[in-house]
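Me: I'm new to reading protein models and don't know where to start. Could you walk me through this one?

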Amino acid sequence: MKASVGSLASALSLSRLRSVTAVAEEGSFSAAARRLGVSHSAVAQQIRDLETAFGVRLFDKLNGTLSATPLCEQLCDIAARMREAEHDALRILERRGPTGRRRLRVGLGNSMPGIAIVHQLLRQHPSLTVSVESGSHQDILAALLRREVDVAVLPDLPNDRRFRTARVLSQEVVGIVSADSPTGLRDEVSLEDLARLPLIFRSQGSSTQKVVDRAFRAIGLSPEPQLIADTRDAVYEAVALGIGVGFMWRFGTYRTDTVRRLLIRDIRSTVDEVVFALKDERNELIELFFNAASQIDPAGAAGAEIIRD
């Protein structure tokens, strides 16, 4: 008896197509099973079910290796497109939280001005949920490229045709020292002055640290830091406790307590802090974030200016 269209469709599941693709790429049921994290017998049964349901042969055995038939190769191409569609569907679904509220994933290298943009966005659209991932310049860039965040805010973004960008503000790297520091540092210092003091650096991948390293090399110095911290907040807290002198983007935080910002004569060039997203990633939530960024007052987003005696 001829199988019905409905029964054939039920036989052609995405799970079975995954098994077909894994066997075609790995060359055996055992290797495919290890890749998929299932049993050898489960993969073999998936293949047999498909071959039986449609009366086809998907693999030939040559020298102990399973080789895909021409029909199977066509099926694998279709399976790849189906996986891409599944991935797109998951990305759409993940933009909603468990309660159904729309959710935007934002990556931030610095707390500010990104949090100011989030604040503006939530004021205008209180029904949204925003999840924020913080990290180094390198980490946030990688998260956006992997589509783990929808939109990001970073300083000193390299030119890349994959991104669309919008400038928020321009800023330079400054030194930070505890408010009651006994070092006697004024509000404008040189890197040579700072090199004589205990220094707090960021770990590799930090855009702040790249600027600091370049500036020290330009004047022929290579100081050894007393502390290396993996986040801007850790640097800030270490400075506030008086461990040493740190560095941050001038408008990297809204906080003005416990530390003083110091202009550095050797670091005067500014870089743009930008909002960016992948050019091929366009949806309403990303557009709302870009719109909120365009409404930010740089002075307001930046918090206090350099604190002077």
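Reply: Let's take it feature by feature, beginning with the whole chain. Keep in mind that this is a predicted model.

Me: Okay, how many helices and strands are there in the chain?

Reply: You'll find twelve helices along with 13 strands. The chain has 309 residues, and 45% of them are buried. As for its surface, about 16,100 Å² is exposed, with carbon and sulfur atoms supplying 51% of that.

Me: And what share of the contacts with a separation of 6 or more comes from residues 24 or more positions apart?

Reply: That share is 74%. We'll meet a few such pairs later on.

Me: Since it's a prediction, which parts should I be careful with?

Reply: Here's the general idea: where pLDDT is low, don't read the predicted coordinates in detail. In this chain the mean pLDDT is 86, and 88% of the residues reach 70 or more. Residues 302-309 are a stretch to be careful with, as pLDDT stays under 50 there. The model still gives that stretch 22 contacts beyond four places in sequence.

Me: Now helices. How do I describe two that pack together?

Reply: You give two values: the angle between the axes and the distance between them. Try helix 2, residues 14-26, against helix 4, residues 40-54: the angle is about 110° and the axes are 9 Å apart. So helix 2 is roughly perpendicular to helix 4, because angles of 65 to 115 degrees get that label.

Me: Which residues of helix 2 and helix 4 meet?

Reply: From helix 2 come S15, R16, S19, V20 and V23, and they meet V43, Q46, I47, D49 and L50 of helix 4. Sorted by class, this contact has five nonpolar, three polar and two charged residues.

Me: What angle does helix 3 make with helix 4?

Reply: Helix 3, residues 29-36, packs on helix 4 at about 110°, and here the axes are 8 Å apart. Helix 3 and helix 4 are therefore roughly perpendicular too. On the helix 3 side the contact uses F29, S30, A32, A33 and L36, while helix 4 brings H40, V43, A44 and I47. By class, that contact of helix 3 with helix 4 has seven nonpolar residues, two polar and no charged. If you want to trace a residue shared by both contacts, try V43 of helix 4, which appears in the list with helix 2 and in the list with helix 3.

Me: How do I spot unusual backbone geometry?

Reply: Start from what is common: most peptide bonds are trans, and most residues other than glycine have a negative phi. Now look at the peptide bond from M112 to P113, which is cis with omega near 10°. P113 lies in the loop between strand 3 (103-108) and helix 6 (114-124).

Me: Which residue in the loop between helix 7 and strand 5 should I check for phi?

Reply: Go to R147, in the loop that joins helix 7 (137-145) and strand 5 (151-155). R147 isn't a glycine, yet its phi is positive, about 65°. R147 is partly exposed, with a relative accessibility of 23%. Another case is D156, with phi near 55°. D156 sits in the loop between strand 5 and strand 6 (163-171), and at 33% relative accessible area D156 is partly exposed.

Me: Last one: how do I find residues that are far apart in sequence and see where they sit in space?

Reply: Compare their separation in sequence with the C-alpha to C-alpha distance. Take F163, in strand 6: F163 and F276 are 113 residues apart in sequence and 6.2 Å apart in space, C-alpha to C-alpha.

Me: Is F163 buried or exposed?

Reply: F163 has a relative accessible area of 6%, so it's buried, as anything under 20% is. Beyond four places in sequence, its contacts include L141, L144, L157, F276 and L278.

For contrast, try D280, in the loop between strand 13 (271-278) and helix 11 (284-294). D280 is exposed, with a relative accessible area of 56%. D280 and R164 are 116 residues apart in sequence, with 9.2 Å between their C-alpha atoms.

One more pair to look up is R260 and A240, 20 residues apart in sequence and 9.2 Å apart in space, C-alpha to C-alpha. R260 belongs to strand 12, residues 259-264, and at 10% relative accessibility R260 is buried.

Definitions and conventions:
Residues numbered from 1 in each chain as written. Predicted model: local features only at pLDDT ≥ 70, side-chain atom pairs only at ≥ 80, totals over all residues. Heavy atoms only, no water. Helix = DSSP H or I, 4+ residues; strand = E, 2+ residues; numbered from the N terminus. Buried < 20%, exposed > 50% of the residue type's maximum accessible area, 1.4 Å probe, protein only. Contact = heavy atoms within 4.5 Å. Areas by Shrake-Rupley, 256 points an atom, 1.4 Å probe, with all protein chains shown as cover. Axes fitted to C-alpha atoms, helices over the stretch in contact; angles between N-to-C directions. Parallel < 35°, antiparallel > 145°, perpendicular 65-115°, else oblique. Nonpolar A, V, L, I, M, F, W, Y, C, P; charged D, E, K, R; others polar. pLDDT = per-residue confidence, 0-100.
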